[in-house]
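Work through the exercises below with the model open. Each task is followed by a stepwise solution.

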Amino acid sequence: MSQRAALLIGKLAHTQKEWQECAKVASKLYEYPDGSREDFISKCKSGEFDKLFALYRSNDSNPITGDFNAELVDALPKSLKFICHNGAGYNNIDVAACTKRGISVSSTPIAVDDATADVAIWLMLGALRNIKQSFMAVNAGKWRGNFSLGHDPKNKTLGILGMGGIGSAVAHRAKAFGMKVQYHNRHQLSAEKEDGATYVSFEELLKTSDVLSLNLALNPSTKHIIGKEQFTQMKDGVVIVNTARGPLIDEAALVDALKSGKVWTCGLDVFEEEPKIHPGLLECENAVLLPHVGTGTFETQRDMELLVLDNLKSAVQHEKLLTQVPEQKDKAKM
Ligand SMILES: O=C(O)C(=O)CO
């Protein structure tokens, strides 16, 4: 096999041994555990990563290199053909710039589905019970404080925007709570994949859902897909859950909708400018907030790392990714 080196950006928490084993298939293993964007780009340009063929990056390594935008993609060694990304979301990679340079990109769908869906359900139940108000009261020594009654999920309509792996896992769980599930996607799914959920238009989803769960990818066309105009179309007292990406929602508009009561409560794991959170959300007693921990379990983190390494090995050995991003899968041959 020709010389095919692999690079790890950042550190692995659960699969050090498996990474070292990649030496059996790659000609050399480079590591870039820490540093800066400037330093990384200069190392790429100076030939430090000679014969680099595939690299491992993660959302967690973004603070080291920054986004893989056109500038960075352009600086990557010309020998690089594969970027194996750890994260179901890959909005910090300019896939079009990668495609232009003949670089294939993989992400980690499937591995994240259950853990993220668990957190979505947790946030939904918390929001339906307006749990933040109770948490705040009991922790402040006020027992129930201004306690008011919540809502049951049973017989409520859950609207899922983005019925991919995570959306389907949310739907599956929601049915156990007696919810009616409807969804909107760019395309209707097969009956088998729908598994009893009803396909509706985006407008219908907004107008008729009691709870709206966002489970779609962030890209330029989905940024602020939920904003002032969309809140106006929703039912009074709707509950919003977001475990996907913060910028899908116009956060300022959400704060207004929470304050006016249009949105009864929300459950959010993601924010527009992480780690910053809109002060209005922090103030709202009816906003249940988590610090982007959807996939934060030992099992899922390990599964995600393993999937990236499987992609990396497959790239080096067979020039093929196992979970290539959908934007590229449709293209003939990269
Ligand atoms: O997989 C992702 O994209 C995440 O956001 C992890 O929580």
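**Exercise 1: the annotated spans**

Task: Find how far apart the end C-alpha atoms of residues 60-325 lie, and the helix and strand content of the span.

Solution: The end C-alpha atoms of residues 60-325 are 19 Å apart. The span is 40% helix and 14% strand. Helices (H or I, at least four residues) and strands (E, at least two) are DSSP runs, numbered from the N terminus. UniProt, in an unreviewed entry, lists residues 60-325 as "domain: D-isomer specific 2-hydroxyacid dehydrogenase catalytic". UniProt positions follow the numbering used here, feature names are shortened, and annotations may be inferred rather than shown by experiment.

The model is predicted: local features need pLDDT of at least 70, side-chain atom pairs count only at pLDDT 80 or more, and totals for chains, interfaces and linings use all residues. Residues are numbered from 1 along each chain as its sequence is written, and side-chain values use heavy atoms, without hydrogens and water.

**Exercise 2: the sheet**

Task: Give the strand order of the open sheet of 5 strands, then explain its edges.

Solution: Start with the order, 2-1-3-4-5, with parallel pairing. Two strands pair if DSSP finds at least two bridges between them. Next, the edges: strand 2 (28-32) and strand 5 (104-106) each have a single partner strand, so one side of each lacks a neighbour in the sheet. Now zoom in on strand 4 (residues 82-86), which runs parallel to strand 5 and is joined to it by 3 bridges. Cys 84 has Ser 106 of strand 5 as its bridge partner.
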